[in-house]
Amino acid sequence: MHAVASLRPVPAQLAASRPVGARRCRRTFRCRARQDDVLANEPEIKLVNGAVTSGPSLAVEVNGLKLPNPFVIGSGPPGTNYAVMKKAFEEGWGAVIAKTVSLDSSKVINVTPRYAKMKSSDGKEVIGWENIELISDRPLEVMLEEFKRLKAEFPDRVLIASIMEEYNQAAWEELIERCQEAGVDAFEINFSCPHGMPERRMGMAMGQDCELLHEVCGWINAKSTIPVWAKMTPNVTDISMPARTALAAGCEGIAAINTITSVMGINLDTLRPEPCVEGHTTPGGYSSRAVKPIALAKCMSIAQMMRHDFPHSAASLSGLGGVNTGRDAAEFILLGSNTVQVCTGVMLYGYPLIKKLCGGLQAFMQQHDFASVEQFRGASLPYFTTHHELVRMQREAVEAKKKARVGLAKDDEWSGDGFVEEAESMVSN
Ligand SMILES: Cc1cc2nc3c(=O)[nH]c(=O)nc-3n(C[C@H](O)[C@H](O)[C@H](O)COP(=O)(O)O)c2cc1C
């Protein structure tokens, strides 16, 4: 067996000659400049309390919640505390989903570094992002106080608590009751965190087990008096199955996707995997632009299931995964999403991104003369079918084209009776 190379320490003379953080700052600046280029051509618009001031309305109503625009802060670092959630409301985000909380934060111990990036070949653009971050490590009491304060300061804006607990009915009931008392408007249930928490049979471990999911959703919905969205993991063969289970057990909506199980890569100098903590890592969750095609496929599958199995219900879908622009969001809405969440995009571009998201979405709507988000929601869903059907449609189209063909293929097809018409059929003007 080969010995694994030890991690190389920073040479002492380099470390001494460089002011602390200097290299990091230069790199951050370079990445930021390129990231800004990515959004340079995105139209930016003015928002007042999250609402557009002219052009088609972006307002949406979902499960009785009224949002000035469909853009929601996805659970994660952008919803970790009062300061950042306040900033999100001030900048105009349609709603905020706080970082996932549980009853006992002392069990949540994070490590650093906990992020790793997939970059473009020139190293300047972030394409994918892995994290091995756990849920909130802040005491629940502190988070609840901050929820109360935010609701007092922004009574008309939607604040959603993301919650997670162990397989324990009493624990779920206590968590739900305490969050409701703090005044949150809805719950998103984290059945989907792919790392760390499944070791305690939480997060993705619950979302992958439909029997468990059904039972826990039953407890949650018997207790909750506000809307409940179940956040699904993409790390399953058929995401429509757990989504169906959650809706059948009384959830009002589905959010998809959480991160995709990933290993960002191996450092070929040290032979150690990234992100590297004491020379080791654990598989993490993948997000950002690279996951968008996968997220779209999962949302399409959930939306089709909803239309088929819950045709008369007001069940909602909150789509996410790799959204950076208003046009990205339009794609999720065209596949049936009522709202669109952004998490890593906020970590890359900051809270003012909302102005570009709304600007881009409005420009798309103006291009097609859509007056409201609801007018085009799900409009692309009918264009998905099976491969078998694609073959049938193509065969029929070819046959139709053959029939419609004008002119004569060969000289011996000329006839005496239809001579003039046959000649005319080959005239081009
Ligand atoms: C650093 C980080 C931390 C996250 N923490 C949570 C969390 O606490 N709860 C949760 O439900 N999802 C969490 N997520 C998942 C995101 O909410 C989202 O589902 C996923 O990142 C895909 O969306 P995105 O590409 O817009 O980031 C986290 C994601 C990242 C990048």
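Between which two strands does the loop that holds Asn49 lie? The legends below, which describe a predicted model, begin with the whole chain and return to this loop in the last view.

**Figure 1. Overall view of the predicted chain and its two assigned domains.** The chain contains 15 helices and 18 strands. Its C-alpha trace spans about 95 × 60 × 50 Å along the principal axes. The domain assignment places residues 24-383 in domain 1 and residues 387-424 in domain 2. The C-alpha centres of these two domains are 53 Å apart. Of the 429 residues in the chain, 41% are buried. Among contacts between residues at least 6 apart in sequence, 73% join residues that are at least 24 apart.

**Figure 2. The segment of residues 58-365, as listed by UniProt.** An unreviewed UniProt entry lists this segment as "domain: Dihydroorotate dehydrogenase catalytic". Helix accounts for 36% of residues 58-365 and strand for 20%. The C-alpha atoms at the two ends of the segment are 9 Å apart.

**Figure 3. The shell of residues around the ligand.** The shell holds 27 residues, of which Ser75, Gly76, Ser287, Cys343 and Thr344 come nearest to the ligand. Strand β8 (126-131) supplies at least two residues of the shell, and helix α11 (344-349) likewise supplies at least two. By residue type, the shell divides into nine nonpolar, 15 polar and three charged residues.

**Figure 4. The largest nonpolar core, with Ile160 in close-up.** In soluble globular proteins, nonpolar side chains tend to be buried together. The largest nonpolar core of this chain has 100 residues. Val96, Ile160, Phe187, Ala230, Ile254 and Cys299 touch the most other members of this core. Leaving aside residues up to four places away in sequence, Ile160 touches Ala95, Val96 and Ile97, together with Val184, Asp185, Ala186, Phe187 and Glu188.

**Figure 5. The loop between β6 (95-97) and β7 (115-119), with Arg114 and a cis peptide bond.** Pro113 lies in this loop, and a cis peptide bond with omega of about 0° joins Thr112 to Pro113. Arg114 is found in the loop between β6 and β7 as well. Arg114 counts as partly exposed because 17 other C-beta atoms lie within 10 Å, whereas a buried residue would need 20 or more. Not counting residues up to four places away in sequence, Arg114 touches Asn131, Ile132, Glu133 and Pro275. Arg114 and Ser75 are 39 residues apart in sequence, and their C-alpha atoms are 16 Å apart in space.

**Figure 6. The cis peptide bond between Ala256 and Ile257.** Omega of this bond is about 15°. Ile257 is placed in the loop between β12 (253-256) and β13 (260-262).

**Figure 7. Asn49 and Asn63, two residues with positive phi.** Asn49 lies in the loop between β1 (47-48) and β2 (51-52), which answers the opening question. Phi of Asn49 is near 50°, a positive value in a residue other than glycine. Asn63 is in the loop between β3 (60-62) and β4 (65-67), and phi of Asn63 is also near 50°. Is each asparagine exposed or partly exposed, and why? Asn49 is exposed because 11 other C-beta atoms lie within 10 Å, and the limit for an exposed residue is 12 or fewer. Asn63 has 18 C-beta neighbours inside 10 Å and therefore counts as partly exposed.

Conventions: Residues are numbered from 1 along each chain as its sequence is written. This is a predicted model: local features need pLDDT of at least 70, side-chain atom pairs count only at pLDDT 80 or more; totals for chains, interfaces and linings use all residues. Domain bounds come from an automatic or database domain assignment. A residue is near a molecule or strand if its C-beta atom, placed from the backbone, lies within 6 Å of it. Helices (H or I, at least four residues) and strands (E, at least two) are DSSP runs, numbered from the N terminus. Ala, Val, Leu, Ile, Met, Phe, Trp, Tyr, Cys and Pro count as nonpolar, Asp, Glu, Lys and Arg as charged, and the others, Gly among them, as polar. Two residues are in contact if their C-beta atoms, placed from the backbone, lie within 7 Å. A nonpolar core is a set of buried Ala, Val, Leu, Ile, Met, Phe, Trp, Tyr and Cys residues joined through C-beta atoms within 7 Å. UniProt positions are given in the numbering used here, feature names are shortened, and annotations may be inferred rather than shown by experiment.
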